[in-house]
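New to this one? Here is a quick briefing on the ligand and its surroundings.

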Amino acid sequence: MLIQFSEEQKMLQSVAREFTSNEIAPRDRWMDENGFDWELAKKITEAGFMGANIPEQYGGSGGGIVDNTIIAQEFAKGSASMATFIGAHWLATNLILENGTEEQRQTYLPEAVNGKIFAFGLTEASAGSDAAGIKSVAEETEDGWVLNGSKAWITNSGVADYYIILALSDPELGTRGISAFLLPKDAEGLSIGKFEKKMGCRGSATCELAFDNIRLPKEALLGQRGQGFKMAMQTLDIGRIVAGAVCAGIAEHAFEMAKKYANERVAFGKPIKAFQGVSFRFADMYAEIRAMELLSYDAAFLKDAGKRCTLEAAAAKLFATEHCVEICRAAQGVFGGNGYSAEYDIERLVRDACGWCVMEGSTEILRMIVSGTVLAK
Ligand code: COS
């Protein structure tokens, strides 16, 4: 037993688990077919999860990264979409928490706790993995900033109340010329595209954003000018830890579905779990899920201890996303032909799992980070 949760964390885990089985899991198929579930988002707010990462002085529950990781893993056991939604909200609000002025914290964090949805806008159509290649520009004026450009694949866009947008404030300075800005959804000049038709995680909203001469006040600058890239990378470290646990949750969901089926389905006069071709899959799935958890919580405890965890977070996400897809495919295989039918739900998990191989750092980018770090040592 390597993961040592406190009594409070064990309680949080059981509360999140119960909430997931009562409220989230029953809505997952509906979200896959219909998109974002506003009613469920309201219940998530009422249960206090939106502010799980926010200190009590701003109305949140004051949890650390381990706490967030616990909640995300539990949510993912019921719905990858809802885990994606809350993960993106925390990603954006963590940026305010860690880099905002006291006034920004006091303005935005209580709103985040009370159900205003936040989104993190880094990616552009021509700058995904190459995050430093963004082209959106924020030009300084006498009374603030003028924002132009666009973003793509922004989780929570279309449902968010606030966006944190990374843009070039000083293009000639490279990564040190990128700054972060707080953008409200009703800003004049902001256009939000239609919801992307995605393969999976369809209950989480994703759109394109376009900025046409949006005038922002001076106070819209989040953190220090030129520190946006570093801030984004730091918050992505946390995002990747949470992503690892989300994948462990999706994989466990698939494991449980397949286990039930393997007990009930009879072939050649026996439940199919009696056949080694089926039962051995569960051995591999179990071991891999456990490893996913250990890597994710190892990085989460490191982060909560105030240490840099770029390597550990990237390794956790790398291992977890790739194995999550394999586990979901193995679980789907247990269902035989029925695994190909939407009626049995397992195909949805395969689609959901694939999304996590690109969100918050593709497999290839994570390999670059891990190999670059270990070979430099
Ligand atoms: N924590 C703190 N600082 C970091 C950091 C981290 N995790 N990663 C990079 N930095 C800093 C570097 O130390 C460097 O600082 P200095 O200018 O002071 O030297 C600066 O940021 C630039 O770093 P680097 O040179 O490594 O930047 P690159 O342009 O080479 O990009 C990768 C590095 C590829 C790792 C980055 O672009 C990346 O993570 N891409 C994937 C983006 C992503 O995950 N997108 C998914 C959608 S967003 S939800």
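## Where the ligand sits

The ligand's space is the largest pocket. Keep in mind that this is a predicted model. The shell around the ligand draws on both domain 2 (119-225) and domain 3 (229-376), so the ligand lies between them.

**Who is around it**

- There are 21 residues around the ligand, and the ones that come nearest are Ser129, Arg176, Lys230, Arg240 and Gly361.
- Sorted by class, the shell is a mix: eight residues are nonpolar, seven are polar and six are charged.

**Which helices pitch in**

- Two helices, α7 (228-264) and α11 (363-376), each bring at least two residues to the shell around the ligand.
- Of the elements in play, α7 gives the largest share of that shell, with seven residues.

**Polar contacts to look for**

- Start with Arg240: an N or O atom in the Arg240 side chain is 2.8 Å from an oxygen atom of the ligand.
- Next up is Asp237, which has a polar side-chain atom 3.1 Å from a nitrogen atom of the ligand.
- Then there's Arg308, where a polar side-chain atom lies 3.4 Å from a ligand nitrogen atom.

**How covered it is**

- On its own, the ligand would expose 1000 Å², and the protein buries 70% of that.

Note on methods: Residues numbered from 1 in each chain as written. Predicted model: local features only at pLDDT ≥ 70, side-chain atom pairs only at ≥ 80, totals over all residues. Heavy atoms only, no water. Near = heavy atom within 4 Å. Polar contact = N/O pair within 3.5 Å; in protein donor to acceptor, adjacent residues only side chain to side chain. Areas by Shrake-Rupley, 256 points an atom, 1.4 Å probe, with all protein chains shown as cover. 1 Å grid on protein atoms, 1.4 Å probe; cavity = no way out; pocket = protein on both sides within 12 Å on 5 of 7 lines; lining within 4 Å. Sits in = over half its atoms within 2 Å of the grid points. Helix = DSSP H or I, 4+ residues; strand = E, 2+ residues; numbered from the N terminus. Nonpolar A, V, L, I, M, F, W, Y, C, P; charged D, E, K, R; others polar. Domains from an automatic or database assignment.
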